[in-house]
Amino acid sequence: MTEIIDGNAVASEIRDDLTDAIETLAEAGSRPGLATVLMGDDPASQTYVNMKQRDCEEVGIESHHVDVDGDADPEVLYDAIADLNDDPEIHGYIVQAPVPDHVDYREVIRRVDPAKDVDGFHPENVGRLVAGDARFRPCTPHGVQKLLESADIDLEGKDVTIVGRSDIVGKPLANLLIQKADDGNATVTVCHSRTEDLATKTRNADIVVAAAGAPELVDGSMIGDGAVVIDVGVNRVSADTEKGYELVGDVEFESAKAKASAITPVPGGVGPMTRAMLLYNTVKAAGLQEDVAVDLP
Ligand SMILES: NC(=O)C1=CN([C@@H]2O[C@H](COP(=O)(O)OP(=O)(O)OC[C@H]3O[C@@H](n4cnc5c(N)ncnc54)[C@H](OP(=O)(O)O)[C@@H]3O)[C@@H](O)[C@H]2O)C=CC1
Ligand SMILES: Nc1nc(=O)c2c([nH]1)NC[C@@H]1CN(c3ccc(C(=O)N[C@@H](CCC(=O)O)C(=O)O)cc3)C=[N+]21
């Protein structure tokens, strides 16, 4: 039987475990604060922002939100960032990607105070991660590590193929999984749109992570017998549903499940873990800024 790895359940456990640390902070007179910044009105981003606000309420993190007009000058966004950097009640914040085309996301990230960069995207935090001294692990890669751990999947010596080399998923995940650590020690192959013979690279892997943003790119014929399949993709494809779309992963679920020993679904796999690890980083940031020792799950 193929195990379906339940991201909602694991994320819920992590939120439960975080309440202890939040209690410790409360005893020291502090409440963690997380802000989201959204420039423009990308509907998927709006959905995530709403979900993050609900997550915060559930665990007792103060949630803030800043909207910036999609047509505004980049300086308006930079000012909002400077305000968040200066606000002692905000321990962490993220600027939702993508930003409009006239804004340079790299420049945006450089302006975020690295101590409040709970996405882990600032060059200082990227550098620390690559050097094996991460302060904030990027939420999606960290969520993938926690999902694998929850399913008792040991990475040591395993061959992992990651499909996707983005700065927010593929690259940081590859860096984490090759690290000399209990949740690393894997041998990692990173694939992208110029990769020749993707199917051979995925078929030879013990663990396949699909993070390409290409609906159902990876099917069962590309999965080795008994492999573990982690589907990071969350793609909105138009469908005759109430919302007018349905969510589809980067993996063709049924055919991949027939080959895999364990697989994550979409929705309900990696997505909820990304949100849980954002709360984790926020609590960590608050502990560091308030100089309170907190136990993290
Ligand atoms: N579950 C979650 O929490 C999260 C989900 N996501 C989802 O994960 C997916 C990936 O996101 P993100 O990393 O931001 O995406 P990007 O578009 O930034 O990167 C996609 C990567 O996949 C590669 N790629 C695209 N098509 C193919 C293909 N046909 N064959 C091989 N490689 C391919 C690209 O190659 P190249 O570099 O050559 O262009 C690129 O490296 C999306 O569906 C996104 O919605 C993202 C973040 C969090
Ligand atoms: N600065 C920044 N940081 C991010 O972490 C970031 C970002 N920008 N831009 C977009 C991507 C995408 N992303 C997701 C988060 C949660 C779900 C999630 O919770 N998904 C649910 C369902 C969501 C739904 O119903 O639409 C699930 O898969 O079960 C998905 C995707 C974070 N990202």
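Start by selecting ligand 2 and the 18 residues that surround it, of which Ala97, Val234, Pro267, Gly271 and Thr274 are the closest. A residue belongs to such a shell if its C-beta atom, placed from the backbone, lies within 6 Å of the molecule. What you have open is a predicted model, where local features need pLDDT of at least 70, side-chain atom pairs count only at pLDDT 80 or more, and totals for chains, interfaces and linings use all residues. Residues are numbered from 1 along each chain as its sequence is written, while chains are lettered from A and ligands numbered from 1 in the order in which they are written.

Stay with ligand 2 and colour by helix and strand (DSSP runs numbered from the N terminus: helices are H or I with at least four residues, strands are E with at least two). Helix 2, strand 4 (92–95) and helix 10 each give the shell at least two residues. Which element supplies the largest share of this shell? That is helix 10, with four residues. Colour by class next, and the shell shows eleven nonpolar, five polar and two charged residues. Here Ala, Val, Leu, Ile, Met, Phe, Trp, Tyr, Cys and Pro count as nonpolar, Asp, Glu, Lys and Arg as charged, and the others, Gly among them, as polar.

Now show the two domains: domain 1 covers 27–120 and domain 2 covers 139–272, with bounds from an automatic or database domain assignment. Their C-alpha centres are 27 Å apart. The shell of ligand 2 takes at least three residues from each of them.

Zoom in on two of the closest residues to ligand 2, Ala97 and Pro267. Ala97 is joined to Pro98 by a cis peptide bond, with omega about 0°. You'll find Pro98 in the loop between strand 4 and helix 4 (105–111). Pro267 has a cis bond too, this one to Val266, with omega about -5°. Its loop runs between strand 11 (262–263) and helix 10.

Next stop: ligand 1. Select its 26 surrounding residues; Gly164, Ser166, Ser193, Gly213 and Thr274 come nearest. Helix 10 (residues 270–290) again gives the largest share, here three residues. The class count is twelve nonpolar, twelve polar and two charged.

Follow helix 10 to its neighbours. Add helix 1 (residues 7–27): the two axes come within 8 Å and cross at roughly 15°. (Axes are lines fitted to C-alpha atoms, for helices over the stretch in contact, and angles run from 0 to 180 degrees between N-to-C directions.) Helix 1 and helix 10 are therefore roughly parallel; angles under 35 degrees count as roughly parallel, over 145 as roughly antiparallel, 65 to 115 as roughly perpendicular and the rest as oblique. Among the contact residues are Ile14, Leu18 and Ile22 of helix 1 and Ala276, Leu279 and Val283 of helix 10, where contact means C-beta atoms, placed from the backbone, within 7 Å. By class, this contact has 15 nonpolar, four polar and three charged residues.

Swap in helix 2 (residues 43–59), which packs on helix 10 at about 55° with the axes 10 Å apart. Helix 2 and helix 10 are therefore oblique to each other. Select Met51, Lys52, Asp55 and Val59 of helix 2, then Arg275, Leu278 and Leu279 of helix 10, to see the contact. It has four nonpolar, no polar and three charged residues.

Finish at Asn185, whose phi is near 65°, a positive value in a residue other than glycine. Asn185 sits in the loop between helix 7 (170–177) and strand 6 (187–191).

Methods: Two residues are in contact if their C-beta atoms, placed from the backbone, lie within 7 Å.
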